[in-house]
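Biologist: I should like to request a close look at a single part of this model, followed outward to its surroundings. Please give a connected account, with the cut-offs stated.

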Amino acid sequence: GIKAAEGCVAKIGLNASAFDACFSGSSGDAALVREAKATPDHAGTPTLSVNGKEVEAEALLAAVCDAIADTHKPAACQKMAVSSNQGDAPHERHESNAHLNISA
């Protein structure tokens, strides 16, 4: 509830009365409805998607690495590519502006 959030609100410098008004009032309810309507249909939570395609948790790192252009890949992706490209066909590469969406 609101009591649990008070410490966090104070710690990050938010206006406690404005936070309480949002939490308890119609603007908070409207925000929840707006976010629920913006959430794509999904089987459960959390739902992970990369570039709009749903991804299982076990395949998340590979999907993110595949979505990043080779010139922008972090070390974790490069290490994964070495271990997983033995005999595999090359994956399609995308621009470095990959989108990761996690819905709960």
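At its relative accessibility, does C77 count as buried or exposed?

Modeller: C77 counts as buried, because its relative accessibility is 4%. In this scheme buried means under 20% relative accessible area, exposed means over 50%, and partly exposed lies in between, with a 1.4 Å probe and protein chains only. Two remarks on provenance apply to the whole account. This is a predicted model, in which local features need pLDDT of at least 70 and side-chain atom pairs count only at pLDDT 80 or more, while totals for chains, interfaces and linings use all residues. Residues are numbered from 1 along each chain as its sequence is written, and side-chain values use heavy atoms, with hydrogens and water left out.

C77 belongs to the one disulfide that the structure holds, a disulfide being a pair of cysteine sulfur atoms within 2.5 Å. Its partner is C65, and the two sulfur atoms lie 1.9 Å apart. The link of C65 and C77 is left-handed, with -80° about the S-S bond. The pair links distant parts of the chain, 12 residues apart: C65 sits in helix α4 (residues 60-67) and C77 in helix α5 (residues 75-84). Helices (H or I, at least four residues) and strands (E, at least two) are DSSP runs, numbered from the N terminus. In general, a disulfide is a covalent bond between the sulfur atoms of two cysteines. C65 is likewise buried, since its relative accessibility is 2%. Two other cysteines can be set beside this pair: C8 is exposed at 51% relative accessible area, whereas C22 is partly exposed at 36%.

A polar contact comes next. The structure holds one salt bridge, meaning a side-chain nitrogen of Lys or Arg within 4 Å of a carboxyl oxygen of Asp or Glu. This salt bridge joins K73 to D70, with 3.9 Å between the closest N and O atoms. K73 is buried because its relative accessibility is 12%, but D70, at 48%, counts as partly exposed.

Helix α4 leads on to the strands through L60 and L48: their C-alpha atoms are separated by 7.7 Å, although the residues are 12 apart along the chain. L48 is found in strand β1 (residues 47-50) and is buried, as its relative accessible area is 10%. In a regular strand the side chains alternate between the two faces of the sheet. Both faces of β1 are covered, for T47 and S49 on one side and L48 and V50 on the other are all buried. β1 pairs with strand β2 (residues 53-55) in the antiparallel sense over three bridges; strands pair if DSSP finds at least two bridges between them. V50 has K53 in β2 as its bridge partner. The two strands form a hairpin with two residues between them, and N51 in the turn has a positive phi of about 55°.

There remains the one aromatic pair of the structure. The ring centres of F19 and F23 are 6.4 Å apart and their planes meet at 15°, so the pair is stacked. Rings of Phe, Tyr and Trp (its six-membered ring) pair if their centres lie within 6.5 Å; planes under 30 degrees apart count as stacked, over 60 as edge-to-face and the rest as tilted. F19 and F23 both lie in helix α2 (residues 16-24), four residues apart, about one turn of the helix. F19 is partly exposed at 28% relative accessibility, and F23 is partly exposed at 47%.
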